[in-house]
Structures are given as structure tokens and as C-alpha cells.
Amino acid sequence: MTVSSSDPVLDVPAELDVIGRFSEARVVCLGDIMLDRYVYGSVDRISPEAPIPVIAVEREAAMLGGVGNVARNVAALGGAASLLATIGDDEPGREVVRLISQEDRIDPDLITDIGRATTVKTRFIAGSQQLLRADQEVALPLSQESVDGIVDAARAEMEGAGAIVLSDYAKGCLSDNVLQAIIGAARAMGLPVIVDPKSADFSRYSGATLIKPNLKELALATGMPCETDAEVMDAAHEALKSANADAILVTRSQAGMTLVTRGENGLEATHFPAQALEVFDVSGAGDTVLATLGLAIASGADLVQASSIANATAGLVVAKVGTAVVYPNELTRALHTADVTKADQKVCSVSEASDITARWRAQGQSIGFTNGCFDLIHPGHLSLLRQARAECDRLVVGLNSDSSVKILKGETRPLQGEMARALVLASLEDVDMVIIFSDETPVELIKALTPDVLVKGADYTVETVVGADIVQATGGRVVLAELVPDESTTRTIERLKA
């Protein structure tokens with residue numbers, strides 16, 4: 001098995017374009033619906049009858065759960081949701097209908113199955129902590145009449161939709177015959193199918209575009225350990241074979257998410273670090289991720305973009321209490337913040353850089369290096385970085401510290417502090433890492449990193465490039481990049497003074 005692994009390239013403008021198209025997309029949401037009830041209160045004492053807390057109830061609330069929460073998240077993000085599910089002929093079922101009627105962008109097609117009760121989950125919460133969850137459910141198969149109704153409705157709703165998401169809570173709605181009929185019809189229409197699985201038998205979802213298990217679900221489905229990155233990728237490989245799916249997105253709680261797809265040269269894995277700053281409640285977080293994946297794909301995103309956006313919504317929703325949703329303005333702010341954070345994370349110490357470059361090399365990636373003061377980025381800098389990046393898989397930039405710039409350029413320089421210059425460099429797509437160094441030359445840095453490619457401007461010769469002998473002695477190359485005429489920071493300063 002061949003597996004390549006990479007960190008995601010954060011492309012905020014492209015992802016913002018996807019979010020901008022959310023309002024034009026429609027997602028079919030099919031699966032198990034339920035009523036989520038919340039009982040809020042305070043706990044000040046322990047019961048004298050048993051060693052349990054006594055909650056003084058202050059208020060109660062009800063929300064759509066299961067596939068209802070998926071549709072609600074699609075609508076909150078600005079998309080249109082076609083909601084297909086079955087309910088019982090009971091009071092919770094009528095409450096579900098009432099809650100859906102309050103949503104502007106959800107078009108429901110609910111089938112009442114007389115022989116089934118509507119699933120209800122009741123959570124008791126004190127402060128921001130769940131004390132207890134009580135479930136009322138009947139996980140029975142649908143009647144044949146309900147199966148026929150769901151399949152017919154789904155086929156009709158898939159016309160003109162951008163994606164279909166299947167929310168399986170193992171309550172009976174997504175039986176084998178329903179899954180086979182829906183996935184087959186969707187694939188025939190060229191419609192992406194995204195599945196949130198509950199069954200340990202992933203072959204039930206055969207033909208899906210993307211399956212989104214959590215770690216526990218992946219481990220149960222494969223019987224394999226899922227602790228390390230390598231173990232997750234091995235298990236995902238087995239799951240892909242079983243499910244005959246195009247991709248697996250594994251949600252890994254505090255470890256983020258890992259997307260494993262079929263590439264031309266084997267499996268390709270992309271890891272998305274967790275973005276949540278605080279975690280208050282994970283209830284419904286999987287629904288939010290599923291909704292975001294479906295809506296992003298329906299809006300033209302590829303799997304990596306959709307997963308990146310879904311990772312951002314996951315970080316937002318777990319910071320809220322209850323079965324919550326995420327709104328477009330929140331998501332936009334989160335992506336901008338992640339862009340700045342990503343740039344900040346690229347600025348490393350020498351010891352950090354050694355560990356990271358070793359990991360890149362273990363993945364078969366070549367390391368390039370260039371250096372400079374980079375005081376006021378101009379087209380000449382951009383050309384140098386672009387040429388350097390074209391020579392390697394990962395580009396490391398050595399940046400002269402403020403003290404070393406003063407030695408090289410005089411007391412009036414730099415115009416920008418070292419951290420400002422580092423963050424500007426790190427925000428460029430061609431740059432994978434920035435290391436600030438204080439020596440007059442980067443020779444010690446080059447010794448520590450032993451890059452495969454050393455790049456400098458063509459105003460040097462190979463013999464005068466600092467560190468050329470070190471790189472060549474380890475089998476590396478020295479590349480002289482073409483210069484952009486009349487472009488330098490000094491010339492820019494002179495023009496500003498004129």
C-alpha cells in the first residue's frame with residue numbers, strides 16, 4: 001500500500017468563494033430524525049436518597065436532532081435543505097414538524113410511520129456540563145410503505161440538488177434496501193453522496209463518495225487500532241476497500257481530522273489540525289461537519305476544500321452549548337483567523353525546524369532553502385521565492401533578524417521588524433517555513449537543515465553562495481534564480497523619498 005501524507009494548503013480566498021456560493025446550493029438530507037430536548041438548571045446539593053446530584057430545573061428547550069440538525073445546519077450556513085425522514089404519529093413527531101416550520105430554508109418531506117415512535121433524546125445540563133442523557137427510541141425497520149415513500153421522495157428531490165447527505169443513527173430509516181436504492185440513484189445522476197455512518201459494516205454504504213466516521217466507528221468497522229496517524233491511514237485503507245468509497249474523512253476529536261482519498265499513486269492523506277479553542281459541548285458536532293461537507297461540495301468545493309471548511313465549522317460548534325449551528329459570518333471570521341494562525345505556525349525555531357523537515361523527508365519530500373532580509377516584499381522577492389519553490393517540495397526561508405539586518409544594511413534598516421517580515425513571508429503560498437537567524441550569514445542554519453536545494457539570486461555565482469559547499473557535499477544542488485530588473489528594497493526606498 002502506498003500512502004502519501006501532507007498538511008493542507010490553506011487557501012482562504014478559494015474557501016471564501018465556496019462559502020459565497022452556499023446560498024445557491026441545495027442539499028438533500030436523508031436519515032434518522034429525532035427530537036433533542038434540553039433541561040437546563042443548577043446543581044447545589046446531592047440527593048439524600050442516592051449519591052446523585054439534584055438539578056433545580058430553570059428552563060427547557062427543544063431542537064431538531066439527527067438529520068433534522070444536519071438540515072438545520074445547512075440552512076444556517078445559507079444553503080437550502082430538502083429534509084427527508086420518517087416520524088411517528090405522536091407528540092414528539094408533531095413537535096418536530098413545528099420546529100421545521102420555523103426554518104425558512106428547509107423543505108421537509110416527512111413520512112409518518114404508524115408503527116414507530118419518534119426518537120427523543122433528553123439532556124440534563126447544569127452550567128455548561130451535561131449530567132445525564134435519557135433516550136426514548138424504537139430502532140425498528142421501516143414498513144415497506146415507508147421505504148417506498150422515502151425512496152420515491154429522495155429520487156425526486158435529488159433532481160437539481162448539489163449533493164445528498166445520509167445521516168445514519170441506526171434508528172431504522174437507512175435500511176439496506178434504502179441505502180442501495182438511494183446511493184445507486186445518486187451515482188447514476190452524478191450526485192455526490194456523503195455518509196455519516198453508524199453501522200460497523202461499511203459495505204452497506206458501497207458506492208458513497210465520502211464516508212465520515214469518527215475514530216470509534218472506524219475502529220469498530222475495521223477491527224484495527226486507530227491511535228496514530230499511520231494506524232488511522234491503515235484503517236481508512238481497509239474501510240475504503242470495504243465501502244467501495246472514493247474517500248474517508250475521519251474525525252479525531254482533539255487530533256483534528258484526516259482525509260484519505262484514492263490518488264493516482266495510491267492513497268493520499270491530508271491532516272487538518274483541530275481548531276477549537278474551547279470545547280463546551282460536542283452534541284451535534286458530527287451533524288455540523290456532515291452539513292458543511294455536503295453544502296461545500298454542492299457549492300463546487302473539492303474534497304480537501306470541503307474538509308478544511310468543515311474542520312473550521314467543527315471548531316466553532318463545539319464551543320457552543322447544545323445542538324447548535326454555525327453561521328456564514330462566523331465561518332468567514334474563523335477562516336481569516338486560521339489564515340493568520342497558519343502563517344504564525346510557519347515561523348519556527350531551529351529545533352522545531354529540524355523535527356518538521358525530518359518528517360517531510362520521511363514522506364519523501366525534498367527541502368529547499370533560500371535566505372535574505374526581505375525588508376518590504378517586492379516583485380523581485382516574489383520571483384525568487386516562486387523559482388525556489390519550483391525546485392523543491394518544501395521551501396524553508398532563512399530570515400535575517402533585525403540585528404543582522406542593521407549590520408548588513410545600516411542603522412536605518414530594517415523598515416519592518418523581524419516578526420512582521422516573518423509573518424508576511426509565512427503568508428505566501430510558496431513558503432512552507434520561516435526561520436529567523438541572527439548571524440551575518442545562514443551557514444549554521446544550513447548545516448542544521450542540510451537542504452536538498454539551495455537557491456540564491458543570479459547576482460551570485462555558485463562559488464560565492466554561502467553554504468554551497470555544505471549542500472553539495474551532501475549531494476544537494478545550488479540553483480541561481482533569475483533576477484527581476486530594477487527591483488530591490490533600496491530602490492523602493494529611493495522612489496518613496498523622491
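Visitor: Are R123 and D36 buried or exposed?
Guide: This is a predicted model. In it, the side chains of R123 and D36 meet in a salt bridge, 3.4 Å from N to O. R123 belongs to strand β7 (residues 119–126), and D36 to strand β3 (residues 33–46). As for cover, both R123 and D36 are buried.

Visitor: How many residues apart are R123 and D36?
Guide: The pair links distant parts of the chain. One partner sits in β7, the other in β3. The separation is 87 residues.

Visitor: Which residue meets D196 in a salt bridge?
Guide: D196 lies in strand β10 (residues 193–196). Its partner is in the loop between β11 (210–211) and α6 (215–222), 16 residues apart from it. Both residues of the pair are buried. At 3.5 Å, N to O, the partner is K212.

Visitor: Why does D246 count as partly exposed?
Guide: D246 is in the loop between α7 (229–243) and β12 (247–251). Its side chain meets that of R187 in a salt bridge of 3.4 Å, N to O. Buried would need under 20% relative accessible area, and exposed over 50%. D246 falls in between, because its relative accessibility is 33%.

Visitor: What is the relative accessibility of R187?
Guide: R187 sits in helix α5 (residues 176–189), 59 residues apart from D246. R187 counts as partly exposed. Its relative accessibility is 38%.

Visitor: Which residues are linked with E91 in a network of salt bridges?
Guide: Side chains of opposite charge can pair when their charged atoms come close. Here the salt bridges form a network that includes E91. Its other members are D89 and R94.

Visitor: How many salt bridges does the count come to?
Guide: A salt bridge needs a Lys or Arg side-chain nitrogen within 4 Å of an Asp or Glu carboxyl oxygen. The R123 and D36 pair is one that qualifies, at 3.4 Å. The count comes to 22.

Visitor: K456 is buried yet has no salt bridge; which side chain of opposite charge is nearest?
Guide: K456 lies in strand β19 (residues 453–457). A salt bridge would need a distance within 4 Å. The nearest side chain of opposite charge is 7.0 Å away, and it belongs to D459.

Visitor: Which residue has its backbone oxygen 3.3 Å from a polar atom of the K456 side chain?
Guide: Leaving out residues up to four places away in sequence, K456 touches T370, N371, L384, V465, V479, L480 and A481. One of these supplies a backbone oxygen at 3.3 Å from a polar atom of the K456 side chain. That residue is N371.

Visitor: Is V479 buried or exposed?
Guide: V479 lies in strand β20 (residues 477–481). Beyond four places in sequence, V479 touches E391, V453, L454, V455 and K456. Its relative accessible area is 17%, so V479 is buried.

Visitor: Which helix gives the largest share of the largest nonpolar core?
Guide: The largest nonpolar core has 54 residues. Among those with the most contacts inside it are F22, I194 and L293. The largest share is 9 residues, and these come from helix α8 (residues 285–298).

Visitor: How many residues does the second, separate core have?
Guide: This core is separate from the one above. It includes L142, L191, C226 and V260. Its total is 45 residues.

Visitor: How many disulfides does a search of the whole structure find?
Guide: A disulfide is a covalent bond between the sulfur atoms of two cysteines. Cysteines are present: C173 is buried at 1% relative accessibility, and C226 is buried at 7%. The number of disulfides found is 0.

Visitor: How many residues of helix α2 are buried?
Guide: Helix α2 covers residues 67–76 and is mostly covered. Its buried residues include N69, R72 and N73. The count is 10 of 10.

Visitor: Which residue forms a cis peptide bond with R413?
Guide: The bond has omega near 0°. The partner is found in the loop between α13 (402–409) and α14 (418–426). That partner is P414.

Visitor: What is the phi of N244?
Guide: N244 is in the loop between α7 and β12. N244 is partly exposed, with a relative accessible area of 48%. Although N244 is not a glycine, its phi is positive, at about 50°.

Conventions
Residues numbered from 1 in each chain as written. Predicted model: local features only at pLDDT ≥ 70, side-chain atom pairs only at ≥ 80, totals over all residues. Heavy atoms only, no water. Helix = DSSP H or I, 4+ residues; strand = E, 2+ residues; numbered from the N terminus. Buried < 20%, exposed > 50% of the residue type's maximum accessible area, 1.4 Å probe, protein only. Lys, Arg positive; Asp, Glu negative; His and termini not counted. Polar contact = N/O pair within 3.5 Å; in protein donor to acceptor, adjacent residues only side chain to side chain. Contact = heavy atoms within 4.5 Å. Core = buried A, V, L, I, M, F, W, Y, C linked by side-chain atoms within 4.5 Å. Disulfide = S-S within 2.5 Å.
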